[in-house]
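These are my notebook entries on a predicted model. I record what I looked up, one topic at a time.

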Amino acid sequence: MKKPTPKTATTQTVTLQDIKTASQLIHQVGRTTPLIQSMFLSKQIQGQVFLKLENMQLTGSFKFRGSFNKIQQLSKQQRQKGIITASAGNHAQGVALTAQLLGIKAVVVMPNGAPLAKQAATKSYGAQVVLHGDNFDEARAFMEAKAAQDGITIVDPYNDPAVIAGQGTIGLELLNQLPHVDTVIVPVGGGGLIAGVATALKAVNPAVHIIGVQSQRVHGMAASLHKGEITKQSSGHTLADGTAVAVPGSITFPIAQQLVDEMVLVDETEIAQAMKDLMQRTKIIAEGSGALPAAALEAGKIDQKWLKDKQVVALVSGGNVDLKNVAEIIEHFSAKN
C-alpha cells in the first residue's frame with residue numbers, strides 16, 4: 001500500500017533532541033546493536049543490504065529502549081505505586097527488566113495466546129504476568145481498567161512520546177554506522193518503532209526512504225494510512241505476533257502520516273520463508289515480526305528503485321520466537337526439499 005506523496009515533513013511530537021537525550025540515558029545500560037551486511041539479500045536486490053540486529057538488544061528486542069526511557073522518567077511517587085503494561089511479549093520483557101533494574105513492581109497483561117517463551121522470560125525478570133483476552137487489544141483494555149482501579153502508571157507499548165523517543169535511538173545508531181543509508185525497512189505494529197526511527201532519520205536526512213512492513217492478516221497502520229484515518233484491521237493469527245496490533249496509536253499514526261514513505265504487506269508463507277532464510281543463510285534467529293523486512297525484500301514487494309545500487313537497512317526487531325514455531329518452520333521447508 002503506497003501513499004500518494006513522499007513524506008519529508010518534520011513532527012514536533014517527538015524531536016531529534018528528545019531522541020538524543022534518550023540515547024544518552026539508554027546507553028548507560030542498553031547495547032549498541034550490530035549492523036551486518038547480508039550477502040544473499042544484497043545479491044538478490046543488486047544493492048547492499050544491512051541487517052540491524054535488534055534481536056541482540058537486552059531482552060532480545062528493541063523494546064527495551066522505549067521501556068527504559070519511559071520508566072526512567074517516572075516520578076518517585078509513580079515508581080512507588082508500580083507500573084502496568086499490555087504486551088504480546090517483547091515490550092513486556094523490556095518493562096519487566098527495567099522494573100527489575102530500578103526496583104519497581106511491574107504488572108504485565110498478556111493475551112492468552114502469547115508465546116510461552118515470552119511469558120516465561122517476562123516472569124524471569126520478576127514481573128507479575130496476567131493473561132487476559134484473545135488478542136492484544138483485549139489485553140490492552142483490561143490493562144487500562146486495572147490501571148485506573150489500582151492507581152498505577154501505564155507504560156504504553158508504543159503510543160507514548162518517551163517510548164517513541166527511546167525506539168528512535170536506533171535511527172541515530174544507524175546514521176553513525178551507515179551515514180549514507182538510502183532506504184530503511186521497518187516492522188510495524190502500533191507504530192512506536194517506525195515513528196521513532198523515522199523521526200531520527202528524517203530530521204538528519206529527509207531523503208532517506210522509509211518503508212514499513214506488516215502482515216496481510218493484521219495491518220492496522222497500513223490500512224489507516226491508506227484510508228487517511230485511524231482504522232481497525234485484523235483478519236486472523238499471524239506469525240508476526242509482535243506486530244499484531246489492529247489499531248495504530250493516536251500519537252504514532254500522525255507521525256507515520258508525516259514521515260513514512262510507504263507501507264507493504266507480506267503473507268504468512270513469505271514471513272516463514274524469511275525466518276528460515278535468516279536462520280540458514282545468516283545464522284540469525286528472528287521472530288516473525290523481526291523477519292518482516294527480509295520477507296518484503298525476498299518477496300519482491302519493494303520497488304527496485306529504492307534498492308538497486310542502494311544502501312538498504314532491514315531492521316531485525318527481535319528474536320524472541322517459540323522453539324515450537326522454529327521447529328515447525330524447519331520441518332515444513334525440509335519436507336518441501
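**Entry 1: strand β4.** I began with strand β4, residues 106–110, and found it mostly covered, with 5 of its 5 residues buried. I then checked the directions of its side chains: Ala-106, Val-108 and Met-110 point one way, whereas Val-107 and Val-109 point the other way, and all are buried.

**Entry 2: the partner of β4.** I looked up the pairing of β4 with strand β3 (residues 83–86) and noted a parallel sense over 4 bridges. Ile-83 has Ala-106 as its bridge partner in β4. Ala-86 stands opposite Val-109 of β4.

**Entry 3: the four-stranded sheet.** In which order do the 4 strands of this open sheet run? I read the order as β5-β4-β3-β6, with parallel pairing. The edge strands are β5 (128–131) and β6, each of which pairs on one side only. Helix α7 packs on this sheet and touches β3, β4, β5 and β6; I noted that its direction makes about 160° with that of β3.

**Entry 4: an aromatic pair involving α7.** I obtained a count of 2 aromatic pairs. For one of them, Phe-136 with Tyr-158, the ring centres are 6.1 Å apart and the planes stand at 45°, so I recorded the pair as tilted; the tilted class lies between the cut-offs of 30 and 60 degrees. The pair links distant parts of the chain: Phe-136 belongs to helix α7 (residues 136–150), and Tyr-158 to the loop between β6 (153–154) and α8, 22 residues apart. Are these two residues buried or exposed? I found Phe-136 buried, and Tyr-158 likewise.

**Entry 5: the six-stranded sheet.** I next examined an open sheet of 6 strands, which has the order β1-β2-β10-β7-β8-β9 and mixed pairing. At its edges stand β1 (35–38) and β9 (262–266); each has a single partner strand, so one side of each is left without a neighbour in the sheet. The twist averages 30° from one strand to the next. I looked more closely at strand β7 (residues 183–187) and strand β8 (residues 209–215), which pair in the parallel sense over 5 bridges. In that pairing, Thr-183 has His-209 of β8 as its bridge partner.

**Entry 6: helix α8.** I traced helix α8 (residues 161–177) and found that it lies across β1, β2 (48–53), β7 and β10 (311–316). Relative to β2, α8 runs at about 135°.

**Entry 7: helices α5 and α6.** I looked up how helix α5 (residues 90–102) packs with helix α6 (residues 116–124): the angle is about 10° and the axes are 8 Å apart. The two helices α5 and α6 are therefore roughly parallel to each other, the cut-off for that class being under 35 degrees. On the α5 side, Asn-90, Ala-92, Gln-93, Ala-96 and Gln-100 make the contact; on the α6 side, Lys-118, Ala-121, Thr-122 and Ser-124 do so. By class, I noted 3 nonpolar, 5 polar and 1 charged residues in this contact.

**Entry 8: Asp-267.** I located Asp-267 in the loop between β9 and α12 (268–282). How is Asp-267 classed by relative accessibility? At 26%, Asp-267 counts as partly exposed, since the buried class requires under 20% and the exposed class over 50%. I also looked up Glu-298, which is 31 residues from Asp-267 along the chain; their C-alpha atoms are separated by 12 Å.

Technical notes. Residues are numbered from 1 along each chain as its sequence is written. This is a predicted model: local features need pLDDT of at least 70, side-chain atom pairs count only at pLDDT 80 or more; totals for chains, interfaces and linings use all residues. Side-chain values use heavy atoms; hydrogens and water are left out. Axes are lines fitted to C-alpha atoms, for helices over the stretch in contact, and angles run from 0 to 180 degrees between N-to-C directions. Angles under 35 degrees count as roughly parallel, over 145 as roughly antiparallel, 65 to 115 as roughly perpendicular and the rest as oblique. Contact means heavy atoms within 4.5 Å. Ala, Val, Leu, Ile, Met, Phe, Trp, Tyr, Cys and Pro count as nonpolar, Asp, Glu, Lys and Arg as charged, and the others, Gly among them, as polar. Two strands pair if DSSP finds at least two bridges between them. Rings of Phe, Tyr and Trp (its six-membered ring) pair if their centres lie within 6.5 Å; planes under 30 degrees apart count as stacked, over 60 as edge-to-face and the rest as tilted. Buried means under 20% relative accessible area, exposed over 50%, partly exposed in between (1.4 Å probe, protein chains only).
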